[in-house]
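Here is a small set of exercises to work through with the model open beside you. Try each task before you read its solution.

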Amino acid sequence: MSRILYASFDAVPAPKGASRHICALLEGLVEAGHGVDLATLPARGPWPAWPAVRHWPLGEAPSPNLLARADAFGAHVLALAQASSHALWHVRDVWQGVPLALWRAQGGPATPLVWEVNGLPSIELPVHLPGLANQPALLARLRALETHLARAADRLVAVSPVTARCLVDLGAPPERVRVVPNGVDLSAFSPVEGDGDGPELLYLGTLAPWQGLDTLLAALPRLSPAVRLRVVGPAGRGLGPRLRARAARLGVAGRVLLAPPVAPADVPAALARARVCVAPLDGSARNVVQGCCPLKLLEYAAAGRPIVASAVPPVESLFRHGEDAWLVPPDDPVAWAAALEAVLGDASLRARLGAGARALAAGWGWPGVHAAWRAVYAELGVTASAAGRTG
């Protein structure tokens, strides 16, 4: 059995979509016959019974500072790599990837290194931590880490063609870049019967600033008072109270419900309640330059729900306007109100969009994603029968 070191600066298991993606990818690795050493942040839920997966969560964080925790996590992953031989190193972040690449370059083992690219800290962190925008030296350091890993990784796997172009611009050799979008468990979703529970809009996912929820709230007063918005997802960093306060200022507090995350098994039921599912991504560099592949959109589509989403490049790479989603310019509450009014008011349009989305989702099932990842590993000479010592 080949043993893989898989590392991600995320809590696993946890309610976030990143955790669901990681767990589904782990299932594919285990089914393919790999053993896995999984390094993550501490779990926020029960750990699955995977005998082939050894979980190595980071212990107590040395500091509340995010960058200090990231450095500690990188040291944690490097120690795991140095303690056991692996057929391949698979990382989701620069925090682990750079220490591994440096060790390899300085005489460590010639272990293949794969970077699964979902985000770049030089782009995302200034949004989470606005003070970083005034620290050019720190941003330059983050960019240097990204450039180093872009050039050192043997394969860079982007979730979107937009992300792939960003990596090439960063210095990644184009021949090493692959695109493998996120996956969705099609068996967990059946096309929803009926038209939802009244005129309810559903947003499912994190409340991060780049998700564009401010635009959605600003559109709500322009719609019928009967239209409600349900926001389901984690609301850290004070974003929940901020959204509630904004809804109150706009006079729509009674029409907005902020609900906590639901377990993956309960996502289909949450989607079934909605008449329209939304993804109002903003036009920031995080979406337009870096790119993304929102799990929420894949799940909306798998459930056959009509989707209204921002017309940003990564979304346009997935959906066709008017056929499997209704795409709207980002950051434009007037355009969003008009689009929502049109879709909410036309049952035949909703039926067409939902059916188109479900048909499109058939290409995003996990078996296909797992096969794409096996192909990436095979390019580097790593298969389930590879001679990786379990250490």
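## Exercise 1: Around Arg104

If residues within four places in sequence are set aside, Arg104 is in contact with Trp89, Pro109, Ala110, Thr111, Pro112, Leu113, Ala152 and Asp154. Keep in mind that this is a predicted model.

**Task.** Find the helix that holds Arg104, and decide whether Arg104 counts as buried or exposed.

**Solution.**
- Step 1: Arg104 sits in helix H3.
- Step 2: Buried means under 20% relative accessible area.
- Step 3: Arg104 has 19% relative accessibility, so Arg104 counts as buried.

## Exercise 2: Two aromatic pairs

A search of the whole structure turns up 5 aromatic pairs. A pair of aromatic rings is described by the distance of the centres and the angle of the planes.

**Task.** What kind of pair do the rings of Trp89 and Trp103 form, and which parts does the pair tie together?

**Solution.**
- Step 1: The ring centres of Trp89 and Trp103 are 5.6 Å apart, and their planes stand at 25°.
- Step 2: Planes under 30 degrees apart count as stacked, so Trp89 and Trp103 are a stacked pair.
- Step 3: Trp89 belongs to strand E4 (residues 88–91) and Trp103 to helix H3 (residues 94–105), so the pair links parts that are 14 residues apart in sequence.
- Step 4: Trp89 has 1% relative accessibility and therefore counts as buried.

**Task.** Now turn to Phe319 and Trp364: what is the angle between the planes, and where does each residue lie?

**Solution.**
- Step 1: The planes of Phe319 and Trp364 are 75° apart, with 5.6 Å from centre to centre, and the pair is edge-to-face.
- Step 2: Phe319 is in the loop between helix H12 (313–316) and strand E13 (326–328), while Trp364 is in the loop between helix H14 (347–361) and H15; the pair therefore ties together parts that are 45 residues apart in sequence.
- Step 3: Phe319, at 3% relative accessibility, counts as buried, and Trp364, at 9%, counts as buried too.

## Exercise 3: The nonpolar cores

In soluble globular proteins, nonpolar side chains tend to be buried together.

**Task.** Which residues touch the most other members of the largest nonpolar core, and which helix gives this core its largest share?

**Solution.**
- Step 1: The largest nonpolar core has 64 residues, and those that touch the most other members are Leu201, Leu271, Ile307, Val308, Phe319 and Leu340.
- Step 2: Helix H13 (residues 333–344) supplies the largest share of this core, 7 residues.
- Step 3: Another core, of 45 residues, lies apart from the largest one and has Leu41, Phe73, Val91 and Leu138 among its residues.
- Step 4: To look at one member of the largest core, take Leu271: beyond neighbours within four places in sequence, its contacts include Phe189, Leu202, Tyr300 and Arg305.

## Exercise 4: A pocket

**Task.** How many residues line the second largest pocket, and which helix gives the most to the lining?

**Solution.**
- Step 1: The second largest pocket holds about 500 Å³ of space.
- Step 2: Its lining has 22 residues, and those nearest the centre are Arg20, Ala24, Asp185, Pro264 and Trp366.
- Step 3: Helix H1 (17–31), helix H11 (295–302) and helix H15 (366–379) each provide at least two lining residues, with H1 giving the most, 7 residues.
- Step 4: By kind, the lining residues of this pocket are 13 nonpolar, 4 polar and 5 charged.

## Exercise 5: Backbone details and a distance

**Task.** Where is Pro13 found, and what is the phi of Asp331?

**Solution.**
- Step 1: Pro13 is in the loop between strand E1 (3–11) and H1, and the peptide bond from Val12 to Pro13 is cis, with omega near -10°.
- Step 2: Asp331 is not a glycine, yet its phi is positive, about 65°.
- Step 3: Asp331 is located in the loop between E13 and H13; at 43% relative accessibility, Asp331 counts as partly exposed.

**Task.** How many Å apart in space are Thr383 and Leu243?

**Solution.**
- Step 1: Thr383 is in the segment after H15.
- Step 2: From C-alpha to C-alpha, Thr383 and Leu243 are 47 Å apart in space, and they are 140 residues apart in sequence.
- Step 3: Not counting residues up to four places away in sequence, Thr383 touches Ser2, His34 and Ala378.

How values were computed. Residues numbered from 1 in each chain as written. Predicted model: local features only at pLDDT ≥ 70, side-chain atom pairs only at ≥ 80, totals over all residues. Heavy atoms only, no water. Core = buried A, V, L, I, M, F, W, Y, C linked by side-chain atoms within 4.5 Å. Buried < 20%, exposed > 50% of the residue type's maximum accessible area, 1.4 Å probe, protein only. Helix = DSSP H or I, 4+ residues; strand = E, 2+ residues; numbered from the N terminus. Contact = heavy atoms within 4.5 Å. 1 Å grid on protein atoms, 1.4 Å probe; cavity = no way out; pocket = protein on both sides within 12 Å on 5 of 7 lines; lining within 4 Å. Points joined across faces, edges and corners; volume = space filled by probe spheres on them. Nonpolar A, V, L, I, M, F, W, Y, C, P; charged D, E, K, R; others polar. Phe/Tyr/Trp six-rings, centres within 6.5 Å; stacked < 30°, edge-to-face > 60°.
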